Amino acid sequence: MQHINKSIENGMYGLVFVGAFLATGVAAWLQHKAGRRRAALWAGAATLLYVVALMVTMGVNIPLNNELAAAGDPARIHDLAAMRAKFEGTWVATNMRRTALCTAGLLALTRSLVLHGRDSH
């Protein structure tokens, strides 16, 4: 897990991580500006869901990742099983919440796109 956390710390990952939030927010604003209120509401809901997922990530998953990194080389951790038990349960449960939030956001964006298509005809 330490290797995964370290390898994703790059500009491309950061761009996708923040870009998804920005693109969703811009979509909501553009829908609103175009007078497509229902589509704007769904895109706004998707933005809100993604913001909550980001808050969970920054509030729980990243601190857990930092704690794991601070533990040092796994070969030198005295009680690796205890460290894993402390980390794994919370991280997995929180990651499932983030997945549910992002899936709900995708569904909201899909609904916004369907409404956009209907209003465009």
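Biologist: Both F87 and W91 are called buried; what does that word require?

Modeller: Buried means under 20% relative accessible area, exposed means over 50%, and partly exposed lies in between, with a 1.4 Å probe and protein chains only. F87 and W91 are both in the buried class, so each is under 20%. This is a predicted model, in which local features need pLDDT of at least 70, side-chain atom pairs count only at pLDDT 80 or more, and totals for chains, interfaces and linings use all residues. Residues are numbered from 1 along each chain as its sequence is written, and side-chain values use heavy atoms, with hydrogens and water left out.

Biologist: How many aromatic pairs does a search of the whole structure find, and what makes Y13 and F17 stacked?

Modeller: The search finds two aromatic pairs. The rings of Y13 and F17 are 5.7 Å apart centre to centre, with 25 degrees between the planes. Rings of Phe, Tyr and Trp (its six-membered ring) pair if their centres lie within 6.5 Å; planes under 30 degrees apart are stacked, over 60 edge-to-face, the rest tilted. The pair therefore meets both limits and counts as stacked. Y13 and F17 are four residues apart in helix α2, so about one helical turn separates them.

Biologist: What makes F87 and W91 stacked?

Modeller: Their centre-to-centre value is 6.2 Å and their planes are 25 degrees apart, so they pass as well. Both lie in helix α4 (residues 80-120), four residues apart, about one turn of the helix.

Biologist: Why does Y13 count as partly exposed?

Modeller: Its relative accessibility is 40%, so Y13 falls between the buried and exposed limits. Y13 also joins M1, I4 and I8 in a nonpolar surface patch with about 340 Å² of accessible area together.

Biologist: Which side chains meet E67 in a salt bridge, and why is the contact called that?

Modeller: E67 meets K86, at 2.7 Å from N to O. A salt bridge is a side-chain nitrogen of Lys or Arg within 4 Å of a carboxyl oxygen of Asp or Glu, so this contact qualifies. E67 lies in helix α3 (residues 37-70) and K86 in helix α4, so the pair ties together parts 19 residues apart in sequence. K86 is exposed at 54%, whereas E67 is partly exposed at 33%.

Biologist: How do you know that D73 forms a salt bridge with R76?

Modeller: Their closest N and O atoms are 4.0 Å apart. That value stands at the 4 Å limit, so the pair counts. R76 is exposed at 73% relative accessible area, and D73 is partly exposed at 41%.

Biologist: What distance makes E88 and R84 a salt bridge?

Modeller: Their closest N and O atoms are 3.0 Å apart, so they meet the definition. E88 and R84 sit four residues apart in helix α4, about one helical turn. The structure holds three salt bridges.

Biologist: How many helices and strands are in the protein chain?

Modeller: There are four helices and zero strands, where helices (H or I, at least four residues) and strands (E, at least two) are DSSP runs numbered from the N terminus.

Biologist: Why is the protein chain called more spread out than a compact globule?

Modeller: The radius of gyration, taken over C-alpha atoms, is set against a globule rule of 2.2 Å times the number of residues to the power 0.38. The rule gives 14 Å for 121 residues and the chain has 19 Å, so it is more spread out than a compact globule. Its C-alpha atoms fill a box of roughly 65 × 25 × 20 Å along the principal axes.

Technical notes. Patches are made of residues with over 30% relative accessible area and no salt bridge: like charges are joined within 9 Å, nonpolar side chains (Val, Leu, Ile, Met, Phe, Trp, Tyr) within 5 Å. Accessible areas come from the Shrake-Rupley method with a 1.4 Å probe; for residues, only the protein chains shown count as cover.
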